[in-house]
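Work through the exercises below with the sequence and the coordinates open. Each task is followed by a solution in steps.

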Amino acid sequence: MIRSESIEKRSCPLVTLEAGLIVTGGGLSGICCAVTAAREGLKVVLVQDRSVLGGNASSEVRLWVLGATSHMGNNNRWAREGGVIDEILVENTYRNPEGNPVILDTILLDKVVSEPNITLLLNTAVYHVEKKDKDTIASLRAFCSQNQTTYELKAPLFCDASGDGVVGFLSGAAFRMGAEPMEEFNELFAPPESYGELLGHSLYFYSKDTGKPVRFIPPSFALKDITEIPRFRSFNAQDYGCKLWWIEYGGRMDTVHDTEKIKWELWKIVYGVWDYIKNSGNFPEAETLTLEWVGMIPGKRESRRFEGDYILKQQDVIEQRIHDDAVAFGGWSLDLHPSDGVYSTQPGCTQWHSKGIYQIPYRCLYSRNISNLFLAGRIISVSHVAFGSSRVMATSAYVAQAVGMAAVLCAKLGCQPSALYTEGHMPELQQWLLRSGQFIPGIASVEENDLVQSATISASSELALSVLEEDMLMPLDLAAAQMIPVAAGPIPAFSLHAYSDEPTVLQGEIRLSSRRGSYTPDKTIATFEYKIQPGRNCIQVNPGVTVNESQYVFIMLQKNPLISINRSARRITGILSVFNTINPAVSNYGKQEAPDGIGIDNFEFWVPQRRPAGHNIALRFDKPLQAFGADNIRNGLARPTTQPNAWVADLNDPAPALTLSWDATKQVKKLILSFDTDFDHPMESVLMSHPENVMVFCVRDYAIFDDEGRKVYEKQGNYQTRNIIEFHEAVNTTSLTIRFTHPSANTPAAVFEIRVYENN
């Protein structure tokens with residue numbers, strides 16, 4: 001029994017925690033930063049002011065996670081983010097293909113509590129910063145509402161991933177809020193004052209069918225006149241959750257300090273919308289629907305943006321500018337919203353895409369005037385226009401992984417964040433990131449201590465792709481293109497069959513991308529045209545053109561619904577078909593045609609179809625495509641870029657295997673294997689479902705053998721991209737043989753990368 005009586009005031013307990021890195025904010029950015037640093041041995045305290053992790057992705061808000069893949073609606077092929085955020089999305093797709101946000105909560109919590117180097121503080125809000133001097137943070141004060149405990153958090157390094165930048169704000173870090181005028185950065189897409197300077201908040205609801213009539217009596221604060229919302233005719237009984245992203249408000253208010261006012265207005269709107277759906281009589285199909293969930297916390301888009309040593313701009317995104325300190329990439333469109341949100345008469349967003357992904361430099365990821373403060377998530381150093389792209393969650397999380405690794409390198413070198421750039425440590429940081437699964441466009445991994453670099457590599461077989469077999473007949477209702485990897489030299493001749501019930505013409509082109517590493521087929525180098533007769537037609541095409549360097553070539557067939565062509569059931573790593581189709585969800589209407597004077601490129605969209613559709617075009621080549629050799633596993637590129645960058649076995653090989661051999665005995669302690677989990681599939685985390693829970697290209701089963709044929713490791717049921725194997729006792733051997741099982745009868749075994757180390 002505890003009994004206390006006193007007239008003196010009391011204080012809550014004070015607990016001091018010390019670590020190598022304090023991360024404020026438990027959204028995806030904070031999670032990925034903390035996990036990355038912790039795995040490299042750094043002690044981390046992760047502070048989250050709410051009861052669940054995930055931020056806008058959590059069950060509190062329920063926004064799907066997206067990044068450069070953009071709902072598969074742009075020309076960014078194989079662009080899903082790597083590293084920890086990839087692990088999370090792959091895990092969620094495996095455990096939760098239905099997109100249940102509560103399951104995602106558990107996956108995120110699992111990811112954090114599985115790391116012994118992370119101390120997690122939930123329901124704990126940072127409210128005070130102590131400084132060592134004018135430009136250095138000494139400690140933070142935070143309060144937990146659930147255990148009435150105050151925490152003092154001390155570290156040499158701090159990361160603000162809080163969304164609103166609470167640590168940056170309290171510490172005096174330079175920041176911006178609102179849109180820059182066009183003249184400051186010569187950003188031609190900078191919005192006029194009438195459009196507004198800030199993106200607002202959104203709040204979602206879920207409904208469900210009870211199977212019996214359900215009535216709804218609205219609360220007194222619900223919006224009474226639905227016509228106050230100019231787009232009210234867009235509401236329907238089927239859309240819910242973040243499909244109603246355009247229920248947005250607050251862009252003309254202070255999106256930090258007015259958040260509670262904004263939330264109340266959003267509640268007014270949401271309950272008014274549901275009243276309209278249930279009680280207007282316009283939606284008889286809603287009679288049995290009930291309101292299952294309404295968000296208590298709005299999803300924030302924009303507030304403070306902090307200044308680093310570089311500010312990312314529109315031109316960086318659209319022109320895909322190269323930076324020597326690139327540590328991550330983005331690929332979402334420049335996506336700006338009218339500040340009046342749901343009350344605006346303008347479209348809910350204006351999205352303009354770049355021709356491909358763009359680099360994000362390290363100089364955007366730390367404060368220019370607070371020496372030990374990293375920036376992560378949507379608060380990084382970008383202009384308002386560039387923020388329209390960089391703000392999305394998968395991109396923010398990807399950037400945060402670079403911050404986590406940078407903190408580890410700072411701890412190792414005993415330096416502050418800016419010194420990694422100014423003192424020439426960027427190559428080391430980039431290589432550490434690549435080793436951890438990060439992909440940085442334009443930069444390959446080079447690791448001298450990776451034993452694979454000195455190994456003799458042999459394979460039981462290598463795919464020489466001479467034919468994509470004919471399996472199904474489909475009409476050319478859309479213009480279609482087959483992407484094929486070719487080496488420098490002549491483009492191989494090919495043949496296909498076309499079918500029609502009446503005479504017509506098949507027209508096609510051979511196209512390339514004008515920017516290396518991009519997949520916008522904007523350069524036509526050859527055309528062909530064939531008269532089609534009723535019945536089966538054998539089309540033989542000799543392009544008669546060459547390319548100067550290895551790259552993807554687009555064999556394009558123009559839309560003609562009178563013609564049917566064969567598709568192939570073969571699914572092969574690094575081989576993809578794309579279609580000139582639309583995806584209104586990301587403002588893709590087949591072709592991007594921007595107004596003059598806003599600095600945006602015009603081009604066509606050629607995008608994949610989601611499985612189970614999206615089959616390859618059945619083609620036969622006169623010379624096999626030789627792009628799948630075993631040596632690809634050590635070229636430092638663990639995903640398709642200008643080539644597949646994977647070893648792919650022959651599908652007829654009954655026991656596909658790779659053997660790594662050395663002249664002398666090696667003491668192997670660690671291996672990393674990277675498999676194909678389809679970086680082109682966006683893996684939206686909630687609301688949308690997925691056609692499979694394991695990607696069709698992913699090797700499920702494999703075993704590793706030493707030079708005497710002893711099995712030293714076996715994995716069954718793999719579904720993750722990267723497999724890290726650490727042996728308790730070193731394996732002393734002159735060779736390792738890894739035997740794989742083909743994922744399916746239509747998909748050959750493939751490996752992007754193997755790394756082997758003599759120490760952990």
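The exercises go from the overall fold to single salt bridges, and the model is a predicted one.

**Exercise 1. Overall build**

Task: Determine how many helices and strands the protein has, and state how its radius of gyration relates to the globule rule.

Solution:
- Step 1. The secondary structure consists of 11 helices and 45 strands.
- Step 2. The radius of gyration is 27 Å, and the globule rule gives 27 Å for 760 residues, so the protein is as compact as a globular protein of that length.
- Step 3. The C-alpha trace spans about 95 × 70 × 55 Å along the principal axes.

**Exercise 2. Interior, surface and contacts**

Task: Find what share of the residues is buried and what supplies the exposed area.

Solution:
- Step 1. Of the 760 residues, 62% are buried.
- Step 2. The exposed area is about 29300 Å², with 48% of it coming from carbon and sulfur atoms.
- Step 3. Among contacts with a separation of 6 or more, 79% are between residues 24 or more positions apart.

**Exercise 3. Charges**

Task: Count the charged side chains and the salt bridges.

Solution:
- Step 1. There are 69 positive and 87 negative side chains.
- Step 2. The centres of these two sets lie 3 Å apart.
- Step 3. With a limit of 4 Å between the side-chain nitrogen of Lys or Arg and a carboxyl oxygen of Asp or Glu, the count is 43 salt bridges.

**Exercise 4. A bridge between two helices**

Task: Locate the partners Arg95 and Asp110 and classify each as buried, partly exposed or exposed.

Solution:
- Step 1. Arg95 and Asp110 form a salt bridge at 3.3 Å, N to O.
- Step 2. Arg95 belongs to helix 2 (residues 83-95) and Asp110 to helix 3 (residues 101-113), 15 residues apart.
- Step 3. Buried requires under 20% relative accessible area and exposed over 50%. Arg95 has 40%, so Arg95 is partly exposed. Asp110 has 35%, so Asp110 is partly exposed as well.

**Exercise 5. Buried bridges and a network**

Task: Describe the salt bridge of Glu180 and Arg305, then that of Glu509 and Arg511.

Solution:
- Step 1. Glu180 and Arg305 meet at 3.1 Å, N to O.
- Step 2. Glu180 sits in the loop between strand 9 (175-176) and helix 5 (182-185), while Arg305 is in strand 14 (residues 305-306), so the bridge ties together parts 125 residues apart in sequence.
- Step 3. Both Glu180 and Arg305 are buried.
- Step 4. Shared partners join Arg176, Glu180, Glu184, Glu302, Arg305, Glu307 and Arg368 into one network of salt bridges.
- Step 5. Glu509 and Arg511 meet at 2.8 Å, N to O, and both are buried.

Technical notes. Residues numbered from 1 in each chain as written. Predicted model: local features only at pLDDT ≥ 70, side-chain atom pairs only at ≥ 80, totals over all residues. Heavy atoms only, no water. Helix = DSSP H or I, 4+ residues; strand = E, 2+ residues; numbered from the N terminus. Buried < 20%, exposed > 50% of the residue type's maximum accessible area, 1.4 Å probe, protein only. Rg over C-alpha atoms; globule rule 2.2 N^0.38 Å. Contact = heavy atoms within 4.5 Å. Areas by Shrake-Rupley, 256 points an atom, 1.4 Å probe, with all protein chains shown as cover. Lys, Arg positive; Asp, Glu negative; His and termini not counted. Charge placed at Lys NZ, Arg CZ, Asp CG, Glu CD.
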